[in-house]
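Student: Please take a close look at a single helix in this model. I should like to know how it is built, what lies against it and how the chain continues beyond it.

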Amino acid sequence: MRLPKEKAFLLAEKLAKENPDTTAFYRFADFANYYLHRLQTDEFLYENFSRLGGKPKEKHPLSFVLQGCDYLYNWFGKGISYKIKLSDICPDSISFSLGDSCAQYEKTGTIRQLTEEQLLTQMNDFDSGAADFMKYVSEQYSYIEVQLWDDNVILQNKFFADTGS
């Protein structure tokens, strides 16, 4: 979403051709449709996060999953994953949604987006504790999507590769 539109479409075409057997890349084969949905979703997330008190430094977040997700790992062809410590991210630069934000927005026209404080409160208020909250989220939503609104976390190399070995 951060590339000029023409370059984004060229990259999507390349990814779709290079990954025909990796189901996650279907979105790039139908990129005209996906691009519009992703653009609308990112606009909603940006505006909503600002209303929640966040201070996004980027118009489009970098999205990842809290604590990983086997379903997505397999869906994306078991590639290299990267980990970032939440403690390395300023709370006003990160937001969360239970499940896929783009799919939520496409289905309902809205997204239940949470700040870090709101997510921690939900976890702590869950009747049987944070571990059971994560199990509940996994069963109901598959994962917690994280939206990172500050590229400095990545540019300062505050991440590490996890090759699964």
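**One helix and its surroundings**

Tutor: S142, which follows helix α7, has a positive phi, near 80 degrees. Helices (H or I, at least four residues) and strands (E, at least two) are DSSP runs, numbered from the N terminus. The model is predicted, so local features need pLDDT of at least 70 and side-chain atom pairs pLDDT 80 or more, whereas totals for chains, interfaces and linings use all residues. Residues are numbered from 1 along each chain as its sequence is written, and side-chain values use heavy atoms, without hydrogens or water.

Helix α7 comprises 12 residues, 130-141, and its end C-alpha atoms lie 16 Å apart, in agreement with the 16 Å expected at 1.5 Å a residue (1.5 Å times one less than the number of residues). Its buried residues (under 20% relative accessible area, 1.4 Å probe, protein chains only; exposed is over 50%, partly exposed in between) are F133, M134 and V137. Viewed down the axis, these fall within an arc of 100 degrees and so line one face of α7; the arc is taken from the directions from the helix axis to the C-beta atoms. A131, K135 and E139 are exposed on the other side. The cover over the buried residues includes β3 (94-98), α6 (116-125) and β5 (144-148), with contact meaning heavy atoms within 4.5 Å.

Beyond β5, D150 forms a salt bridge with K57 (3.2 Å, N to O). Because K57 lies in the loop between α3 and β1 (62-65) and D150 in the loop between β5 and α8 (152-155), the pair ties together parts 93 residues apart in sequence. A salt bridge is a side-chain nitrogen of Lys or Arg within 4 Å of a carboxyl oxygen of Asp or Glu. D150 is buried, at 8% relative accessible area, whereas K57 is exposed, at 55%.
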